[in-house]
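Please examine the protein shown below, first as a whole and then region by region. The paragraphs that follow are intended to guide that reading.

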Amino acid sequence: MDSQTAVPISFYPEARESRGRLPLYPYETRLVCRHEGTHCGVGRTSAMPAPFGVVGLSHRTAPLEVRSRVTIPPDAIPDFLALAKANDVPECVVLSTCNRTEIYYSGTEAEVVRTLLAGYAEVPLEELRPFLYEKGCVCAACHLFRVTSGLDSAVLGETEIVAQIKEAWRSGTTGPVLDLLFQRGLETSKRIRTETELCRNVTSTGSLAVREAEHRIGSLKDRRSLVLGAGKIAERVVRELRSRESCDVRIVNRTFSKADLLADKPGFEAVPFDFLHAELLEADVVFATVAATAPILSRELIGQLSEARQGRPLVVIDLGVPPNVENGSLAIGIDVVNLDEITAGCAENSERRMAAIPFALEILEEELGRFGAALTERAAAPTIRALIARGEAIRSRNVEWAKERLEGLTEREIRVVEEMARRMMIGLLEAPIDSLKGELAGHEHRAVVERLFLLDGGPSDR
């Protein structure tokens with residue numbers, strides 16, 4: 001199966017639900033990847049001559065259980081990048097968040113990256129394949145631009161992804177192709193966030209988590225909240241708890257100093273990890289945000305908590321990927337809510353943000369066209385430079401020939417001869433250079449120009 005069509009059809013915006021039900025992606029009606037060769041239905045952009053793409057899975061294609069098996073924690077990304085380099089992947093960026101794991105690459109084939117990801121996650125490729133999407137060239141650019149802009153997020157227009165993408169780009173092994181891709185993707189995001197209402201009043205993951213807890217046990221102002229972890233998600237939860245005037249918050253982390261940095265206001269207290277069990281007994285709500293490969297709260301521990309609390313209710317908001325609560329942990333009085341349940345409960349129906357989608361798509365289409373033009377011109381740049389150098393060599397040689405045969409020329413006359421030669425060179429090369437920047441930028445056309453003008457260093461007519 002072609003890599004451009006090896007993705008479940010339910011991923012694509014044009015895969016609509018029928019029989020009167022709402023479309024799967026109500027806000028992606030025009031900007032779609034049709035995967036007809038390298039063509040993408042994004043206005044005038046029809047082809048990009050760069051060997052780059054993305055392989056990944058997200059909340060749209062894979063349940064939390066599958067995403068948890070494939071996630072790449074921040075401290076494991078260097079190992080994956082080293083593995084990619086060892087397998088001849090010259091450019092690689094890993095974007096791994098709670099909702100997606102994506103590998104952006106250049107200089108290799110999707111099959112190589114797909115095999116690397118499955119092998120690293122220790123998941124059989126055939127088992128993983130139904131959940132993967134693979135996009136190349138213009139379709140990969142279109143996808144990244146949607147992701148950076150919040151159009152592909154579980155919460156429409158969310159802004160947390162921007163910092164995550166910047167960090168992924170900074171940490172990756174990049175070169176000219178991926179640097180251009182991510183630079184333009186972030187520029188697109190900035191335009192959409194500043195020129196439209198798409199990201200106005202967006203609810204963050206931390207806000208969703210606190211809102212879910214309030215929905216289940218009421219106001220948290222006089223309740224004891226326990227935050228497990230001290231990373232980015234924990235920061236957002238703590239920030240949201242402060243905004244809700246919570247005054248009894250405990251923060252537990254294996255590295256106490258990190259927890260202590262978050263507990264910088266009255267009522268917020270850092271607690272050593274050794275006291276986790278005691279804090280779980282006293283808490284009313286737990287926000288579990290630890291980036292760990294194994295569950296922090298096992299089924300056995302959940303059972304012990306239920307017995308020790310004697311039915312006193314406890315809400316556990318599990319924001320971990322993989323989950324911090326072991327699968328199947330059901331006990332009396334313990335209410336566990338995972339990440340997918342939280343995001344599914346957030347209705348993406350803000351009228352102002354929904355109304356901004358067409359304007360966001362127009363910007364995205366425009367920026368994708370600019371990216372295509374820049375990529376096309378970059379691909380032809382070596383040929384254009386060689387063509388100009390060839391023309392300049394011929395111009396210089398013939399000016400010297402004229403000077404030798406026209407003795408007694410004044411400085412003004414010499415300048416006229418040189419300008420005439422320059423104008424002739426520009427006039428001759430203008431058309432092929434413009435074509436190389438546009439519709440004739442493909443490899444086969446560049447090869448023809450290089451042969452015709454002897455740009456490989458062969459002899460030329462004087």
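How much accessible surface does the protein have, and what percentage of it belongs to carbon and sulfur atoms? The model under discussion is a predicted one, and its accessible surface comes to about 22,600 Å². Carbon and sulfur atoms account for 53% of that surface. The protein has 462 residues, of which 49% count as buried. Its secondary structure consists of 16 helices and 12 strands. If one takes the contacts between residues at least 6 apart in sequence, 72% of them join residues at least 24 apart.

We may now turn to the interior. In soluble globular proteins, nonpolar side chains tend to be buried together. In this model, the largest nonpolar core has 37 residues. Those with the most contacts inside the core are F52, Y104, I165, L181, L198 and F371. Several elements each supply at least two residues of this core: the strands β3 (52–58) and β4 (91–96), together with the helices α5 (138–149), α6 (160–171), α7 (176–195) and α14 (351–405). The greatest contribution is that of α14, which gives 9 residues. A separate, second core contains 32 residues, among them V155, I233, F287 and I317.

One member of the largest core, I165, allows the packing to be followed residue by residue. Leaving aside residues up to four places away in sequence, I165 touches L95, L144, V147, T148, F182 and L186.

The next topic is empty space. Rolling a probe the size of a water molecule over the atoms shows where empty space is left. A search of the whole structure finds 1 cavity of 30 Å³ or more. The volume of the largest cavity is about 170 Å³. Its lining is made up of 16 residues, and C98, N99, S153, E158 and T205 lie nearest the centre of the cavity. The helix α6 provides the largest share of this lining, namely 3 residues. By character, the lining residues of the largest cavity comprise 4 nonpolar, 9 polar and 3 charged.

Pockets come next. The largest pocket has a volume of about 1,300 Å³. It is lined by 44 residues, and those closest to its centre are P74, G231, K232, I233 and A291. One of these, I233, is also included in the second core described above. At least two lining residues of the largest pocket come from each of α2 (77–86), β4, α6, α9 (232–243) and β8 (249–253). Which element gives the largest share of this lining? It is α6, with 6 residues. The lining of the largest pocket divides into 23 nonpolar, 12 polar and 9 charged residues.

The second largest pocket holds about 570 Å³ of space. Among the 23 residues that line it, S68, P322, P323, V325 and N327 lie nearest its centre. The elements that give two or more residues to this lining are α1 (64–70) and α3 (110–121), and α1 gives the most, with 4 residues. This lining divides into 11 nonpolar, 7 polar and 5 charged residues.

P322 also deserves attention for its backbone. The residue is found in the loop between β11 (314–318) and β12 (334–337). The peptide bond that leads from V321 to P322 is cis, with omega near 0°.

Two further loop residues concern the backbone angle phi. D88 is placed in the loop between α2 and β4, and its phi is near 65°, a positive value in a residue other than glycine. E245, in the loop between α9 and β8, likewise has a positive phi of about 65° although it is not a glycine.

Finally, is T108 buried or exposed? T108 lies in the loop between β5 (100–106) and α3. Its relative accessible area is 13%, and a residue counts as buried under 20%; T108 is therefore buried. Apart from residues up to four places away in sequence, T108 touches D88, V89 and V113. D88, by contrast, has a relative accessible area of 61%. The limit for an exposed residue is over 50%, so D88 is exposed.

Terms used. Residues are numbered from 1 along each chain as its sequence is written. This is a predicted model: local features need pLDDT of at least 70, side-chain atom pairs count only at pLDDT 80 or more; totals for chains, interfaces and linings use all residues. Side-chain values use heavy atoms; hydrogens and water are left out. A nonpolar core is a set of buried Ala, Val, Leu, Ile, Met, Phe, Trp, Tyr and Cys residues joined through side-chain atoms within 4.5 Å. Buried means under 20% relative accessible area, exposed over 50%, partly exposed in between (1.4 Å probe, protein chains only). Contact means heavy atoms within 4.5 Å. On a 1 Å grid over the protein atoms alone, a cavity is a set of points where a 1.4 Å probe fits but cannot get out, and a pocket is an open set with protein on both sides within 12 Å along at least five of seven lines; lining residues have an atom within 4 Å of a point. Grid points are joined across faces, edges and corners, and a volume is the space filled by probe spheres set on the points. Ala, Val, Leu, Ile, Met, Phe, Trp, Tyr, Cys and Pro count as nonpolar, Asp, Glu, Lys and Arg as charged, and the others, Gly among them, as polar. Accessible areas come from the Shrake-Rupley method with a 1.4 Å probe; for residues, only the protein chains shown count as cover.
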